[in-house]
Amino acid sequence: RESQMISFIVERDVSDIDMTGLYQIAAAMHRHANRKRGEGRKIYYLGMTFLAADRLSQCLFEAEGASVVEEVNSEAGAAFTRILRVHMLAQPPVLAL
């Protein structure tokens, strides 16, 4: 990945969205992040988690800043609750038993 990239999670309430809608949001995030990159912006969409018990989804991005993450979500028409800067921790090695 490019230097100076920051990790972000975009949190959204998906109470009224079914699984098909979640996949559509994920596809829109991917499409709009690619479009922004084509415009010279530094952003990568890395995927989505779905917390079924809380009816929340979280989209993970690496980007140059929060503003481009907000632009991608707004241009995709995907309402969100908040954008959070996060720190990705390295996964510890799996120990052989």
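Helices (H or I, at least four residues) and strands (E, at least two) are DSSP runs, numbered from the N terminus. By that rule, this protein has 2 helices and 4 strands. Along the sequence they follow the pattern β-α-β-β-α-β. The model is predicted: local features need pLDDT of at least 70, side-chain atom pairs count only at pLDDT 80 or more, and totals for chains, interfaces and linings use all residues. Residues are numbered from 1 along each chain as its sequence is written, and side-chain values use heavy atoms, with hydrogens and water left out.

Start with the two helices. Two packed helices are described by the angle between their axes and the distance between the axes. Here the axes of α1 (residues 19–38) and α2 (residues 66–75) come within 9 Å and cross at roughly 125 degrees. Axes are lines fitted to C-alpha atoms, for helices over the stretch in contact, and angles run from 0 to 180 degrees between N-to-C directions. That crossing makes α1 oblique to α2. Oblique is what remains once angles under 35 degrees (roughly parallel), over 145 (roughly antiparallel) and 65 to 115 (roughly perpendicular) are set aside.

Who touches whom? Contact means heavy atoms within 4.5 Å. M29, H32, A33 and K36 of α1 meet V68, E71, V72, N73 and E75 of α2.

Now look at α2 alone. Its buried residues (under 20% relative accessible area, 1.4 Å probe, protein chains only) are V68, V69, V72 and N73. Seen down the axis of α2, they fall within an arc of 135 degrees, so they line one face of the helix. They pack against β1 (6–13), α1, β2 (43–51), β3 (56–63) and β4 (82–86).

Terms used
Buried < 20%, exposed > 50% of the residue type's maximum accessible area, 1.4 Å probe, protein only. Arc of directions from axis to C-beta.
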